[in-house]
Amino acid sequence: MTFPAMRPRRLRRSEGIRALVRETRLSVSSFIYPMFVCPGTGVRNEVASMPGIFQQSADQVVEDCREVEALGIPAVLLFGIPEKKDERGSESYSATGIVQRAIEAIRKAKLKLVIATDVCLCEYTSHGHCGIVENGEVQNDATVEVLAAEALSHARAGADVVAPSDMMDGRVGAIRQTLDLHGFEQTAILSYAAKYCSGFYGPFREAAQSAPQFGDRRGYQMDPANAREALREVALDIAEGADMVMVKPAMAYLDVVSAVRERFDVPVGAYNVSGEYAMVKAAARNGWIDEHRVTLEILTGVARAGADFILTYHAKDAARWLKGAQ
Ligand code: PBG
(Lines give C-alpha, C1' and ligand atoms only; values in the text may rest on other atoms or scores of the structure.)
Protein backbone atom coordinates (compact mmCIF):
# COMPACT_ATOMS: atom_id res chain seq x y z
CA MET A 1 0.00 0.00 0.00
CA THR A 2 1.20 3.46 -0.78
CA PHE A 3 1.94 5.81 2.06
CA PRO A 4 -0.15 7.26 3.63
CA ALA A 5 -3.19 4.96 3.41
CA MET A 6 -5.40 7.31 5.35
CA ARG A 7 -5.78 10.76 3.85
CA PRO A 8 -8.20 12.81 6.00
CA ARG A 9 -7.82 15.65 3.51
CA ARG A 10 -9.99 13.69 1.01
CA LEU A 11 -13.02 14.74 3.01
CA ARG A 12 -12.01 18.40 3.08
CA ARG A 13 -11.64 18.96 -0.65
CA SER A 14 -14.89 20.74 -1.44
CA GLU A 15 -17.65 22.54 0.39
CA GLY A 16 -20.01 19.75 -0.68
CA ILE A 17 -17.94 17.05 0.97
CA ARG A 18 -17.27 19.17 4.02
CA ALA A 19 -20.99 19.83 4.42
CA LEU A 20 -21.75 16.13 4.12
CA VAL A 21 -19.40 15.06 6.91
CA ARG A 22 -19.93 18.06 9.18
CA GLU A 23 -20.50 16.82 12.74
CA THR A 24 -22.07 19.92 14.24
CA ARG A 25 -24.77 21.78 12.32
CA LEU A 26 -25.43 25.16 13.80
CA SER A 27 -29.09 26.03 13.48
CA VAL A 28 -31.09 29.18 14.03
CA SER A 29 -33.64 26.99 15.82
CA SER A 30 -31.25 26.68 18.74
CA PHE A 31 -30.95 30.41 19.45
CA ILE A 32 -32.55 32.42 22.23
CA TYR A 33 -32.27 36.20 21.84
CA PRO A 34 -31.92 38.26 25.06
CA MET A 35 -33.65 41.67 25.15
CA PHE A 36 -33.74 44.60 27.58
CA VAL A 37 -37.09 46.27 28.23
CA CYS A 38 -37.16 49.82 29.61
CA PRO A 39 -39.97 52.29 30.48
CA GLY A 40 -41.57 54.70 28.03
CA THR A 41 -42.66 54.48 24.41
CA GLY A 42 -40.56 54.83 21.30
CA VAL A 43 -37.37 54.39 23.33
CA ARG A 44 -34.39 52.70 21.73
CA ASN A 45 -31.03 53.34 23.44
CA GLU A 46 -28.03 51.45 22.19
CA VAL A 47 -25.87 49.96 24.95
CA ALA A 48 -22.43 51.53 24.48
CA SER A 49 -20.48 48.38 25.28
CA MET A 50 -22.83 46.15 23.24
CA PRO A 51 -23.16 47.60 19.74
CA GLY A 52 -26.41 46.46 18.09
CA ILE A 53 -28.13 45.76 21.43
CA PHE A 54 -30.69 48.22 22.78
CA GLN A 55 -32.64 49.12 25.87
CA GLN A 56 -36.10 49.33 24.36
CA SER A 57 -39.57 50.29 25.51
CA ALA A 58 -42.24 47.58 25.19
CA ASP A 59 -43.59 48.87 21.85
CA GLN A 60 -40.09 48.70 20.33
CA VAL A 61 -39.52 45.27 21.83
CA VAL A 62 -42.62 44.08 19.98
CA GLU A 63 -41.25 45.43 16.69
CA ASP A 64 -37.90 43.79 17.35
CA CYS A 65 -39.71 40.53 18.20
CA ARG A 66 -41.38 40.58 14.77
CA GLU A 67 -37.92 40.70 13.21
CA VAL A 68 -36.64 37.96 15.52
CA GLU A 69 -39.55 35.73 14.55
CA ALA A 70 -39.14 36.47 10.84
CA LEU A 71 -35.51 35.39 11.12
CA GLY A 72 -36.62 32.01 12.47
CA ILE A 73 -35.28 32.49 15.99
CA PRO A 74 -37.69 30.55 18.20
CA ALA A 75 -37.33 32.33 21.54
CA VAL A 76 -36.51 35.56 23.36
CA LEU A 77 -35.35 36.13 26.94
CA LEU A 78 -36.61 39.32 28.56
CA PHE A 79 -34.79 41.46 31.12
CA GLY A 80 -36.46 44.45 32.77
CA ILE A 81 -35.09 47.86 33.67
CA PRO A 82 -37.75 49.18 36.04
CA GLU A 83 -38.89 52.77 36.55
CA LYS A 84 -37.90 52.66 40.20
CA LYS A 85 -35.78 50.38 42.33
CA ASP A 86 -36.14 49.63 46.04
CA GLU A 87 -34.62 47.46 48.77
CA ARG A 88 -36.90 44.50 48.02
CA GLY A 89 -37.04 44.82 44.25
CA SER A 90 -40.82 45.04 44.45
CA GLU A 91 -41.23 46.13 40.82
CA SER A 92 -40.05 42.64 39.86
CA TYR A 93 -43.35 41.04 40.91
CA SER A 94 -45.73 43.90 40.10
CA ALA A 95 -48.55 42.96 37.71
CA THR A 96 -47.84 46.24 35.92
CA GLY A 97 -44.05 45.78 35.98
CA ILE A 98 -41.90 46.40 32.96
CA VAL A 99 -41.42 42.79 31.91
CA GLN A 100 -45.05 41.88 32.62
CA ARG A 101 -46.25 44.67 30.32
CA ALA A 102 -43.78 43.68 27.61
CA ILE A 103 -44.97 40.06 27.72
CA GLU A 104 -48.57 41.22 27.33
CA ALA A 105 -47.64 43.44 24.40
CA ILE A 106 -45.81 40.61 22.62
CA ARG A 107 -48.75 38.27 23.25
CA LYS A 108 -51.15 40.85 21.86
CA ALA A 109 -49.10 41.05 18.67
CA LYS A 110 -49.91 37.34 18.16
CA LEU A 111 -46.32 36.29 17.65
CA LYS A 112 -45.41 32.63 17.94
CA LEU A 113 -42.17 33.32 19.76
CA VAL A 114 -41.44 31.44 22.95
CA ILE A 115 -41.26 34.06 25.68
CA ALA A 116 -38.75 33.35 28.41
CA THR A 117 -38.08 35.75 31.26
CA ASP A 118 -35.06 36.25 33.47
CA VAL A 119 -36.14 35.90 37.09
CA CYS A 120 -33.80 37.82 39.36
CA LEU A 121 -33.80 40.85 41.63
CA CYS A 122 -30.55 42.63 40.73
CA GLU A 123 -32.18 44.88 38.12
CA TYR A 124 -34.91 45.80 40.62
CA THR A 125 -33.06 46.37 43.89
CA SER A 126 -31.57 49.73 44.88
CA HIS A 127 -28.39 47.96 46.10
CA GLY A 128 -28.05 45.90 42.89
CA HIS A 129 -27.76 42.51 44.59
CA CYS A 130 -29.75 39.51 43.38
CA GLY A 131 -31.72 39.23 46.61
CA ILE A 132 -32.90 40.69 49.90
CA VAL A 133 -29.99 42.11 51.86
CA GLU A 134 -29.87 42.04 55.65
CA ASN A 135 -26.79 42.74 57.74
CA GLY A 136 -24.79 43.16 54.57
CA GLU A 137 -25.60 39.67 53.32
CA VAL A 138 -28.03 38.35 50.72
CA GLN A 139 -30.65 36.34 52.61
CA ASN A 140 -31.39 33.09 50.81
CA ASP A 141 -34.85 32.05 51.96
CA ALA A 142 -36.37 35.54 52.04
CA THR A 143 -35.08 36.04 48.50
CA VAL A 144 -36.58 32.77 47.29
CA GLU A 145 -40.05 33.96 48.35
CA VAL A 146 -39.74 37.11 46.26
CA LEU A 147 -38.36 35.18 43.29
CA ALA A 148 -41.33 32.81 43.39
CA ALA A 149 -43.68 35.82 43.35
CA GLU A 150 -41.74 37.30 40.42
CA ALA A 151 -41.89 34.03 38.45
CA LEU A 152 -45.63 33.75 39.14
CA SER A 153 -46.29 37.27 37.90
CA HIS A 154 -44.35 36.54 34.69
CA ALA A 155 -46.39 33.36 34.19
CA ARG A 156 -49.61 35.30 34.79
CA ALA A 157 -48.59 37.84 32.18
CA GLY A 158 -48.07 35.00 29.70
CA ALA A 159 -44.45 33.84 29.90
CA ASP A 160 -43.86 30.33 28.53
CA VAL A 161 -40.59 29.84 30.38
CA VAL A 162 -39.20 31.40 33.55
CA ALA A 163 -35.44 31.44 34.01
CA PRO A 164 -34.15 32.07 37.54
CA SER A 165 -30.62 33.53 37.41
CA ASP A 166 -30.09 34.46 41.06
CA MET A 167 -28.27 31.30 42.30
CA MET A 168 -30.17 31.12 45.60
CA ASP A 169 -30.51 27.60 47.04
CA GLY A 170 -33.92 25.99 46.63
CA ARG A 171 -35.37 28.56 44.28
CA VAL A 172 -36.29 26.14 41.52
CA GLY A 173 -38.35 24.01 43.92
CA ALA A 174 -40.08 27.05 45.39
CA ILE A 175 -40.89 28.47 41.95
CA ARG A 176 -42.23 25.10 40.73
CA GLN A 177 -44.44 24.79 43.80
CA THR A 178 -45.79 28.33 43.49
CA LEU A 179 -46.50 27.99 39.77
CA ASP A 180 -48.32 24.67 40.27
CA LEU A 181 -50.32 25.99 43.19
CA HIS A 182 -51.68 28.77 40.97
CA GLY A 183 -52.49 26.65 37.94
CA PHE A 184 -49.34 27.33 35.94
CA GLU A 185 -48.15 23.75 35.83
CA GLN A 186 -47.43 24.20 32.11
CA THR A 187 -44.98 27.06 32.61
CA ALA A 188 -41.48 25.65 32.13
CA ILE A 189 -38.41 26.40 34.24
CA LEU A 190 -35.06 27.00 32.61
CA SER A 191 -32.64 27.26 35.48
CA TYR A 192 -29.35 29.09 35.35
CA ALA A 193 -28.07 26.03 37.19
CA ALA A 194 -24.34 26.64 36.87
CA LYS A 195 -23.86 30.37 36.84
CA TYR A 196 -20.36 31.52 37.57
CA CYS A 197 -19.25 34.74 39.23
CA SER A 198 -17.80 36.19 36.06
CA GLY A 199 -16.08 39.30 34.82
CA PHE A 200 -17.77 38.63 31.48
CA TYR A 201 -21.03 40.12 32.78
CA GLY A 202 -19.54 43.65 32.77
CA PRO A 203 -21.39 45.05 29.73
CA PHE A 204 -24.68 43.48 30.88
CA ARG A 205 -24.54 45.47 34.08
CA GLU A 206 -24.42 48.62 32.00
CA ALA A 207 -27.30 47.37 29.84
CA ALA A 208 -29.47 46.32 32.80
CA GLN A 209 -28.17 48.94 35.23
CA SER A 210 -27.64 46.20 37.78
CA ALA A 211 -24.10 46.55 39.13
CA PRO A 212 -23.97 45.80 42.87
CA GLN A 213 -23.54 49.00 44.88
CA PHE A 214 -21.33 47.25 47.46
CA GLY A 215 -19.36 44.01 47.52
CA ASP A 216 -19.72 41.43 44.75
CA ARG A 217 -21.68 38.28 43.90
CA ARG A 218 -19.14 35.72 45.09
CA GLY A 219 -21.37 34.71 47.99
CA TYR A 220 -23.99 33.28 45.64
CA GLN A 221 -22.60 32.84 42.13
CA MET A 222 -20.13 30.01 41.56
CA ASP A 223 -16.35 30.11 41.77
CA PRO A 224 -14.93 29.95 38.21
CA ALA A 225 -12.47 27.27 39.33
CA ASN A 226 -15.17 24.69 40.09
CA ALA A 227 -16.52 22.15 37.60
CA ARG A 228 -17.68 19.29 39.86
CA GLU A 229 -19.73 21.74 41.87
CA ALA A 230 -21.59 22.61 38.66
CA LEU A 231 -22.74 19.01 38.39
CA ARG A 232 -24.07 19.14 41.95
CA GLU A 233 -25.92 22.38 41.18
CA VAL A 234 -27.46 20.89 38.04
CA ALA A 235 -28.49 17.70 39.89
CA LEU A 236 -30.18 19.77 42.60
CA ASP A 237 -32.07 21.92 40.11
CA ILE A 238 -33.30 18.91 38.15
CA ALA A 239 -34.42 17.24 41.39
CA GLU A 240 -36.31 20.44 42.26
CA GLY A 241 -38.11 20.44 38.92
CA ALA A 242 -36.00 22.32 36.37
CA ASP A 243 -37.11 21.37 32.84
CA MET A 244 -33.94 22.73 31.25
CA VAL A 245 -30.61 23.86 32.65
CA MET A 246 -28.02 26.38 31.60
CA VAL A 247 -24.30 26.95 31.98
CA LYS A 248 -23.13 30.56 32.01
CA PRO A 249 -20.91 32.09 30.65
CA ALA A 250 -20.20 29.86 27.63
CA MET A 251 -16.72 30.22 26.12
CA ALA A 252 -14.57 29.87 29.23
CA TYR A 253 -16.84 27.07 30.52
CA LEU A 254 -17.18 24.67 27.59
CA ASP A 255 -15.80 21.83 29.70
CA VAL A 256 -18.71 22.38 32.06
CA VAL A 257 -21.23 22.41 29.18
CA SER A 258 -19.75 19.15 27.95
CA ALA A 259 -19.75 17.52 31.40
CA VAL A 260 -23.36 18.54 32.05
CA ARG A 261 -24.41 17.25 28.61
CA GLU A 262 -22.69 13.93 29.31
CA ARG A 263 -24.18 13.43 32.76
CA PHE A 264 -27.79 14.63 32.41
CA ASP A 265 -30.60 14.04 29.95
CA VAL A 266 -32.48 17.33 30.23
CA PRO A 267 -31.98 19.99 27.52
CA VAL A 268 -28.80 21.95 28.21
CA GLY A 269 -28.25 25.57 27.24
CA ALA A 270 -25.22 27.84 27.31
CA TYR A 271 -25.32 31.60 27.73
CA ASN A 272 -22.88 33.41 25.43
CA VAL A 273 -22.82 36.48 27.69
CA SER A 274 -22.41 40.22 27.23
CA GLY A 275 -18.63 40.33 27.69
CA GLU A 276 -18.13 37.58 25.14
CA TYR A 277 -20.25 39.56 22.68
CA ALA A 278 -18.49 42.84 23.48
CA MET A 279 -15.03 41.35 22.86
CA VAL A 280 -16.02 40.14 19.39
CA LYS A 281 -17.65 43.48 18.52
CA ALA A 282 -14.70 45.52 19.77
CA ALA A 283 -12.08 43.46 17.96
CA ALA A 284 -14.18 43.43 14.78
CA ARG A 285 -14.61 47.21 14.89
CA ASN A 286 -10.86 47.55 15.06
CA GLY A 287 -10.54 45.34 12.03
CA TRP A 288 -8.64 42.76 14.08
CA ILE A 289 -10.97 39.82 13.45
CA ASP A 290 -13.63 38.84 10.92
CA GLU A 291 -16.84 39.20 12.93
CA HIS A 292 -18.98 36.90 10.78
CA ARG A 293 -16.45 34.11 10.80
CA VAL A 294 -15.46 34.39 14.48
CA THR A 295 -19.08 34.58 15.66
CA LEU A 296 -20.13 31.43 13.80
CA GLU A 297 -16.97 29.70 15.00
CA ILE A 298 -17.78 30.55 18.62
CA LEU A 299 -21.41 29.46 18.33
CA THR A 300 -20.37 26.24 16.59
CA GLY A 301 -17.90 25.59 19.41
CA VAL A 302 -20.61 26.02 22.01
CA ALA A 303 -22.90 23.65 20.11
CA ARG A 304 -20.06 21.15 19.62
CA ALA A 305 -19.43 21.17 23.38
CA GLY A 306 -22.98 19.89 23.79
CA ALA A 307 -25.32 22.86 24.14
CA ASP A 308 -28.79 22.13 22.74
CA PHE A 309 -29.57 25.83 22.69
CA ILE A 310 -27.54 29.01 22.96
CA LEU A 311 -28.59 32.31 24.49
CA THR A 312 -26.73 34.89 22.46
CA TYR A 313 -26.79 38.57 21.54
CA HIS A 314 -25.41 37.47 18.15
CA ALA A 315 -28.65 35.59 17.38
CA LYS A 316 -30.04 37.99 14.77
CA ASP A 317 -26.72 38.44 12.95
CA ALA A 318 -25.98 34.73 13.09
CA ALA A 319 -29.46 33.91 11.77
CA ARG A 320 -28.83 36.15 8.76
CA TRP A 321 -25.41 34.66 8.12
CA LEU A 322 -26.70 31.11 8.39
CA LYS A 323 -29.45 31.93 5.92
CA GLY A 324 -26.89 33.33 3.51
CA ALA A 325 -24.84 30.16 3.79
CA GLN A 326 -27.72 27.87 2.74
C1 PBG B 1 -29.05 38.70 36.47
C2 PBG B 1 -28.30 38.31 35.27
C3 PBG B 1 -27.01 38.67 34.86
C4 PBG B 1 -26.84 38.14 33.59
C5 PBG B 1 -27.99 37.44 33.29
N6 PBG B 1 -28.87 37.54 34.34
C7 PBG B 1 -26.00 39.54 35.49
C8 PBG B 1 -25.31 39.17 36.72
O9 PBG B 1 -25.51 38.10 37.30
O10 PBG B 1 -24.54 40.01 37.17
C11 PBG B 1 -25.64 38.31 32.72
C12 PBG B 1 -25.91 38.28 31.26
C13 PBG B 1 -24.81 38.78 30.40
O14 PBG B 1 -23.71 39.18 30.85
O15 PBG B 1 -25.04 38.79 29.19
N16 PBG B 1 -28.64 38.15 37.64
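**Exercise 1. The enclosed spaces**

How many cavities of 30 Å³ or more does the count come to? Determine this number for the predicted model, and then describe the largest cavity by its volume and its lining.

*Solution.* Step one is the count, which comes to 2 cavities of 30 Å³ or more.

Step two is the volume: the largest cavity holds about 140 Å³ of space.

Step three concerns the lining. It is made up of 19 residues, and those nearest the centre of the largest cavity are Phe 79, Lys 195, Tyr 201, Phe 204 and Lys 248. Sorted by class, the lining of the largest cavity has 10 nonpolar, 3 polar and 6 charged residues. Among the elements, β9 (188-195) and α6 (202-207) each contribute at least two residues to this lining.

**Exercise 2. The ligand and its surroundings**

State where the ligand sits, and identify the residues that come nearest to the ligand.

*Solution.* Begin with the location: the ligand sits in the largest cavity.

Next, consider the shell. There are 20 residues around the ligand, and Lys 195, Arg 205, Lys 248, Ser 274 and Tyr 313 come nearest. The shell divides into 11 nonpolar, 3 polar and 6 charged residues. Both β9 and α6 supply at least two residues each to the shell around the ligand.

Two names now appear in both lists: Lys 195 and Lys 248 are among the residues nearest the centre of the largest cavity, and they are also among those that come nearest to the ligand.

**Exercise 3. Polar contacts of the ligand**

Which side chains place a polar atom 2.7 Å or 3.3 Å from an atom of the ligand? Add the distance that belongs to Gln 221, and state how much of the ligand surface the protein buries.

*Solution.* First, Lys 195 has a polar side-chain atom 2.7 Å from an oxygen atom of the ligand.

Second, in Lys 248 a polar side-chain atom lies 3.3 Å from a nitrogen atom of the ligand.

Third, the side chain of Gln 221 has an N or O atom 2.8 Å from an oxygen atom of the ligand.

The last step is the surface. The ligand taken alone exposes 400 Å², and the protein buries 100% of that area.

**Exercise 4. The second largest cavity**

Give the volume of the second largest cavity, and find which element provides the largest share of its lining.

*Solution.* The volume of the second largest cavity is about 40 Å³.

Its lining consists of Tyr 33, Pro 34, Met 35, Phe 36, Gly 52, Ile 53, Phe 54, Gln 56 and Asp 64. Two or more of these residues come from each of β1 (31-37) and β3 (54-56). The largest share, 4 residues, is supplied by β1. By class, the lining of the second largest cavity has 6 nonpolar, 2 polar and 1 charged.

**Exercise 5. The pockets**

Describe the largest pocket and the second largest pocket by volume and lining.

*Solution.* Take the largest pocket first; about 660 Å³ of space lies in it. It is lined by 20 residues, of which Arg 22, Thr 24, Leu 26, Thr 300 and Leu 322 are closest to its centre. At least two lining residues come from each of α1 (15-20), α10 (291-305) and α11 (315-325). The lining of the largest pocket comprises 9 nonpolar, 5 polar and 6 charged residues.

Turn next to the second largest pocket, whose volume is about 220 Å³. Of its 14 lining residues, Glu 137, Val 138, Met 168, Gly 219 and Tyr 220 are closest to the centre. This lining divides into 5 nonpolar, 5 polar and 4 charged residues.

Key:
Residues are numbered from 1 along each chain as its sequence is written. This is a predicted model: local features need pLDDT of at least 70, side-chain atom pairs count only at pLDDT 80 or more; totals for chains, interfaces and linings use all residues. Side-chain values use heavy atoms; hydrogens and water are left out. On a 1 Å grid over the protein atoms alone, a cavity is a set of points where a 1.4 Å probe fits but cannot get out, and a pocket is an open set with protein on both sides within 12 Å along at least five of seven lines; lining residues have an atom within 4 Å of a point. Grid points are joined across faces, edges and corners, and a volume is the space filled by probe spheres set on the points. Ala, Val, Leu, Ile, Met, Phe, Trp, Tyr, Cys and Pro count as nonpolar, Asp, Glu, Lys and Arg as charged, and the others, Gly among them, as polar. A residue is near a molecule or strand if one of its heavy atoms lies within 4 Å of it. A polar contact is a pair of N or O atoms within 3.5 Å; within protein, one must be able to donate a hydrogen and the other to accept it, and residues adjacent in sequence count only if both atoms are side-chain atoms. Accessible areas come from the Shrake-Rupley method with a 1.4 Å probe; for residues, only the protein chains shown count as cover. A molecule sits in a cavity or pocket if more than half of its atoms lie within 2 Å of its grid points.
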